[in-house]
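Trainee: I'm new to this structure and would love a close look at a single part of it. Could you pick one spot and walk me outward from there?

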Amino acid sequence: MPSRPPALADRPRIALCLMGPTAAGKTDVALSLAERTDVALVSVDSAMVYRHMDIGTAKPDAETLARHPHALVDVRDPVDAFSASDFLEEADQAVRDAFARGRLPVLVGGTMLYFKAFRDGLSELPAADDATRTELSARARETGWGALHAELRAVDPVAAARIRPSDPQRIQRALEVFRLTGRPISEWWSTSAGVPVESRLGCDMVCAGVGAPREVLADRVERRFDAMLERGFVEEVSRLRAMPGLDLGKPAMRAVGYRQMWRHLDGETDFEAMREAALSATRQLVRRQMTWLRAWPGLVWAEGTVTDIADGILRRVPQSA
């Protein structure tokens, strides 16, 4: 095992963000960092927050999590919602705790909306309303999210231009805010800016990207999904389907792979169609992640082996305040 450097208490206050597309190897790099220095790992993954969703999220196994705990893993049941504001509140606290213990907070994952919330803060929007969300979800099951996106376009064309018709969670939230307040969510965005991380936590961000060539990522995506199938992904989703209150309208089931497997178990698709749909959804996710990452200011891409990447990142950290 590599020698560990001195404690980080006297280093500048830095939050290290380890970012990258699905299947790029971010978790391996984060664990390598944890073997080298005193870090506090914080998951930035909108699916790993859910308990009982282990195989399809590529969640570190129980032994790994016992050795290197990750904040924001297994913090909600799949029937529960977990919003960007929930993430921000809990991630901020995890980073504060890390600084209090003299550790380097390492935020690792691929949910780029969460990274943006951490960097910029969030506007002060009204709290979620379960009754409104239930009604909107019921309407979406009847008419489709495309119809609700059209409704959003009628009341808030600015928000509709920014929110994809294939993004049900954000469509629901935008319509919910309009229903609750009578104001378009785009007005809230423009009049109640968030507090950036430098002001909230008194720290700087160092952002490192972990990636791979497109063809390498495509191969990893396919091999990873097939490995999930071998490990029991079908059985995992079968157990989830038996949970009271859990259905395809819940945010947890929007995770890539889970929705496609659920529909297969409903008899809507055969096995090969399910597999191809899951792979297609994952490839689309990778493209969206790369679009975010290419526009991320100050991101430095890390290359080489896992060890090389971890060592290179640590060389940057003390010099980056």
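Mentor: Let's start with Q289, which is found in helix α14, a stretch covering residues 271-294. Keep in mind that this is a predicted model. Is Q289 buried or exposed? Its relative accessibility is 4%, and buried means under 20%, so Q289 counts as buried. Leaving aside its neighbours within four places in sequence, Q289 is in contact with G20, P21, T22, G110 and M112.

Two of the strands to look at next are β1, residues 14-19, and β4, residues 104-109. They belong to an open sheet of six strands, paired in parallel, with the order β3-β2-β4-β1-β5-β6. At the edges stand β3 (70-71) and β6 (300-302), each with a single partner strand, so one side of each has no neighbour in the sheet.

Now follow β4 through its pairings. Four bridges join β1 to β4, and the two run parallel; here C17 has L107 as its bridge partner in β4. Six bridges join β2 to β4, again running parallel, and A40 stands opposite P105 in β4. Strand β2, residues 39-44, is also joined to β3 by two bridges, in parallel, with V42 opposite A71 in β3.

How many of the residues of β4 are buried? Six of its six are, so to speak, tucked away as buried. In a regular strand, side chains alternate between the two faces of the sheet. Both faces of β4 are covered: on one side L104, V106 and V108 are buried, and on the other P105, L107 and G109 are buried too.

Helices lie across these strands. Helix α1, residues 26-36, lies across β1, β2, β3, β4 and β5, running at about 145° to β1. Helix α4, residues 112-120, lies across β1, β2, β4 and β5, at about 165° to β1.

In soluble globular proteins, nonpolar side chains tend to be buried together. Here the largest nonpolar core has 76 residues, and L18, L107 and F118 touch the most other members. Leaving aside its neighbours within four places in sequence, L18 is in contact with residues including V29, A30 and L33, as well as V106, L107 and V108. Apart from that core lies another, of 14 residues, among them L148, A159, A160 and I171.

Technical notes. Residues are numbered from 1 along each chain as its sequence is written. This is a predicted model: local features need pLDDT of at least 70, side-chain atom pairs count only at pLDDT 80 or more; totals for chains, interfaces and linings use all residues. Side-chain values use heavy atoms; hydrogens and water are left out. Two strands pair if DSSP finds at least two bridges between them. Contact means heavy atoms within 4.5 Å. Axes are lines fitted to C-alpha atoms, for helices over the stretch in contact, and angles run from 0 to 180 degrees between N-to-C directions. A nonpolar core is a set of buried Ala, Val, Leu, Ile, Met, Phe, Trp, Tyr and Cys residues joined through side-chain atoms within 4.5 Å. Buried means under 20% relative accessible area, exposed over 50%, partly exposed in between (1.4 Å probe, protein chains only).
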